[in-house]
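User: Could you take a close look at the aromatic rings in this one? I'd like to hear how they pair up and what sits around them.

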Amino acid sequence: MQAIEEFYHGFHQDVLASAQAGSDFLESQFAEKMAGYLEDAGEIEEFSAHFARDPSGNWRADGYAWDEDTGTFSLFLTDFRPEENLHTLIRTEANPLFNKGLRFLHKAFDRNFVEGLEETSAAFEIANLFQHVLKDIYKINMYVLSNGQLSQRFGAIDPDDLHGIPVHFKVWDLTKVLRLESSMSEREELVIDFEKDFDGGIQCLPAGIHGTGYTSYMLVMPGDYLARLYGQWGSRLLEQNVRNFLQARGKVNKGIRKTIHEEPGMFFAYNNGITATASDVEMTVDDGRHLIRSITNLQIVNGAQTTASLFNALHKDKADLGEIAVQMKLSVVDAEQTESVVPRISRYANSQNKVSEADFFSNHPFHQRIEEISRRLYAPAVGDAQQETKWFYERTKGQYLDKQSHLTPAQKKKFQIEFPRSQVFTKTDLAKFENVWRCIPHTVSLGAQKNFANFADYIDKAWQYQDADFNEGYFREIVAKAIIFRHLEKLVSKQPWYQGGYRANIVAYTISYIGDKLSRRSDLVDFKRIWKQQSVGSGLEEAMSVVAGYVHDALVDTPSNVSNVTEWAKRQACWETVRRLDIKLPTSLDKELVSREEVKQERKEARSTQRIDDGIVAQSRVMELGPDYWTKIAQRAADAGELTEKTAGILKIACDPAMRRIPTERQSQILLELVARLES
C-alpha cells in the first residue's frame with residue numbers, strides 16, 4: 001500500500017489544482033472530492049456542498065445528502081487543514097464538530113428558525129430541505145470529512161437520538177480513502193453481526209461443493225431482519241450492477257407490497273427469494289445445527305426489490321413483518337475470484353429479469369476498449385514541453401494506484417510523468433462528460449450513480465448497433481470533453497457572482513445549453529482542436545463564462561412549489577426552462593466550431609480504422625491461441641452442433657500444425673465469435 005504521507009501530498013495537490021481560485025474554495029473542493037469517494041462506496045446518493053456557519057460559532061453544516069429510498073439524511077462537517085504535513089484527528093477535535101452539526105439539525109426542526117434564515121443562504125438550503133423531508137427520515141448519518149489521519153485511540157462513537165430519529169456518527173479520513181483506493185475496492189468492509197445486533201445466529205444448510213473456490217448456504221431470513229439491514233446499510237447491500245439497475249428503474253414492487261400487507265403468511269411461498277454473495281461468514285455448529293453468526297461484505301445480487309420493499313413496508317407503512325420469511329441462497333466467494341465470479345452470479349441470477357448487459361457494465365467491452373486505448377494513445381505535448389503524456393482511464397476503482405504499487409521510485413516517477421494524476425478519469429466522470437453533451441443535465445444532476453446507470457443503458461444500445469463508433473477518435477473526443485468540463489469547473493469558481501454551491505449543476509447546464517444551441521444551427525465544438533491543444537480556446541471560454549452567469553440565475557430562481565435548488569436541477573422542467581433562455585453566444589466562438597457534416601465524415605473514417613484494428617487484433621489472437629486450441633474448439637463446435645461448412649473450413653486453416661496458411665482478419669473474427677457462442 002502507498003504510504004499515507006505520500007498519498008496525502010498527492011491528494012492535497014489535487015485539491016489545490018482543482019481550486020485554483022484562492023483559498024476560499026479549497027475547503028469546498030476538498031469536501032466535494034471526499035464526497036466523491038462516499039458516492040462511489042454507496043454511502044450516499046448525491047452530495048451537495050453548502051457551507052452554513054453560525055456567526056457566533058454555535059452551529060454549522062458544510063453539506064448534505066438525501067437518500068429518499070432509504071430515508072437517510074446525511075449531514076457533513078469538514079476538518080480541512082491546508083498544511084504541508086498530515087495531521088492526526090483526535091476525539092476531542094471531532095466531538096465539537098459533531099456537536100455543532102447536532103445543534104444545527106436541532107434548530108432545523110423549528111420552522112420559525114428556517115423561516116428566519118435568508119432564502120439565498122446555505123443554512124436555508126439545508127434546513128428547508130430537512131423540514132421538507134422530515135416525515136420521511138428514517139435515520140441521520142453525520143459525517144466528519146478529514147484530510148488528516150484518524151487517531152488509533154479514537155474509538156467508536158455511540159449513536160444518538162434527535163427527536164426520536166437515530167443519529168449515527170462517522171469519520172472519513174485519508175487512511176480510509178487510501179485503503180479503498182489501494183484495495184481496488186469501491187467499498188469499506190461491511191460486517192453484519194447477527195449475535196450482537198439481532199437475536200442470535202441464523203440457521204442454515206451448507207450446500208457448497210468442495211474445491212470450487214466457493215461455498216454456498218441455504219437459509220431463511222426473517223423479513224424484519226432484512227428490512228433492518230437495508231435500513232442500516234442502504235444501497236451498500238446491493239451489488240453495484242444491481243444498484244444501478246434499481247436506480248434507473250425504481251425500487252418498490254407493487255406485487256411484493258400487496259403480499260406484505262394482505263397475505264404476509266404466504267410471502268415465503270410467493271416470493272422467489274434472494275441470491276447473495278459474501279467474502280466470509282462466521283459459523284458455529286450446535287447439536288448438528290449450523291448457525292451463521294456474522295457475514296462479511298454481504299451483497300444482494302438478486303432480490304433487491306424484495307429487500308427495498310420490505311424496508312419501505314416497515315418504515316413508511318409501519319407494517320408488521322413478524323410473519324414474513326425470505327429464502328436466501330448465499331455464496332461465499334474467495335477474494336481472488338470476487339471480480340470475475342460475483343458479476344457472473346449477478347448476471348445469471350438476474351437472467352429472468354429485464355436486466356440488460358448495461359447493468360453489468362464493469363466488464364462491458366466498451367470499458368475494456370476505452371481502457372486499452374487510454375494505455376497506448378499519447379496526447380500531444382503542451383506548450384514548450386517535449387514529453388507527450390497519456391490520459392488514464394480507471395476502469396475499476398484504484399487501478400491508477402495499483403499500477404504503481406510494485407514500482408521502484410524511479411519507475412513510479414516515470415509512470416506519473418507518462419500518466420499525470422490530473423489526467424485520470426473514472427467511469428462516473430466519463431458518464432458526466434458524455435451526458436452533458438447529450439443535453440440531459442437534469443439526469444447528470446441526479447448524482448453520479450443514477451447518471452452512470454443512464455449512460456450505461458445508452459452505451460449498451462449504441463455498442464450493439466455500431467461498436468466501431470467507439471474508437472481512437474471517440475477517445476480523443478472524450479478527453480476534449482473532460483478538458484472542457486474541468487476547465488469550466490475552475491472558471492465558475494472564479495466568477496464574481498459565484499458564492500459557493502450548485503457548481504456541479506451550473507457546469508452541467510452550461511455545457512448542455514451551449515451544445516444544444518450549437519446543434520440547432522448544425523455546428524459543433526471542434527473537439528479535435530481541443531485535443532491537439534489540450535486546452536480550451538478563448539472563444540469557448542468566453543461563451544461558457546457568459547452562459548454560466550445566466551444559468552446560475554435561472555437555477556436559483558426556483559418555481560414557487562420548489563424551494564430547493566439542487567432538487568429543482570434534477571427535473572426535466574428545469575432543463576426546459578434553461579433551454580428556452582435566449583443567450584447570445586459571442587462571435588469569438590465561431591472560429592472554434594466545425595460543421596456537423598465535417599465531423600460526420602471524420603467519424604466515418606474513424607469507424608473504418610477501428611474495423612481494421614479489430615480485424616488485426618482478432619487475427620493476432622487466433623495465432624496466439626495456436627493450432628492445439630483450435631483443434632479442441634473444432635471438436636466442441638461439432639458436439640454442440642455449431643459446426644457449419646463455413647466455420648469448418650476456417651477451423652481447418654487454424655488447426656494446421658504447420659500453419660501453412662493464416663486465417664484472414666474476417667475469418668479470425670468469425671472464429672472468435674464461434675468461441676463466444678460456445679462459452680455462452
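Analyst: Let's fix the rule before anything else: rings of Phe, Tyr and Trp (its six-membered ring) pair if their centres lie within 6.5 Å. Bear in mind that this is a predicted model. With that rule, ring pairs join Phe 366, Phe 455, Tyr 458, Trp 463, Phe 470 and Tyr 474 into a cluster. Zooming in on two of its members, the ring centres of Phe 455 and Tyr 458 are 6.5 Å apart and the planes sit at 40°, so this pair is tilted. Both residues belong to helix α19 (residues 448-466), where they are three residues apart and so separated by about one helical turn. Their surroundings aren't alike, though: Phe 455 is buried, with a relative accessible area of 1%, while Tyr 458 is partly exposed at 33%.

Stepping back, the count for this model comes to 36 aromatic pairs. Take Trp 59 and Phe 113: their ring centres are 5.9 Å apart and the planes are at 90°, so you're looking at an edge-to-face pair. Trp 59 lies in the loop between β1 (48-53) and β2 (60-67), whereas Phe 113 is in helix α4 (residues 111-115), so the contact ties together parts 54 residues apart in sequence. Trp 59 and Phe 113 are both buried.

Rings also have charged company here. Lys 390 lies over the face of Tyr 378, 4.4 Å from the ring centre. Over at Phe 527, the charged end of Lys 481 sits over the ring, at 5.3 Å from its centre.

Notes: Residues are numbered from 1 along each chain as its sequence is written. This is a predicted model: local features need pLDDT of at least 70, side-chain atom pairs count only at pLDDT 80 or more; totals for chains, interfaces and linings use all residues. Side-chain values use heavy atoms; hydrogens and water are left out. Rings of Phe, Tyr and Trp (its six-membered ring) pair if their centres lie within 6.5 Å; planes under 30 degrees apart count as stacked, over 60 as edge-to-face and the rest as tilted. Helices (H or I, at least four residues) and strands (E, at least two) are DSSP runs, numbered from the N terminus. Buried means under 20% relative accessible area, exposed over 50%, partly exposed in between (1.4 Å probe, protein chains only). A charge sits over a ring if NZ of Lys or CZ of Arg is within 6 Å of the ring centre and within 35 degrees of the ring normal.
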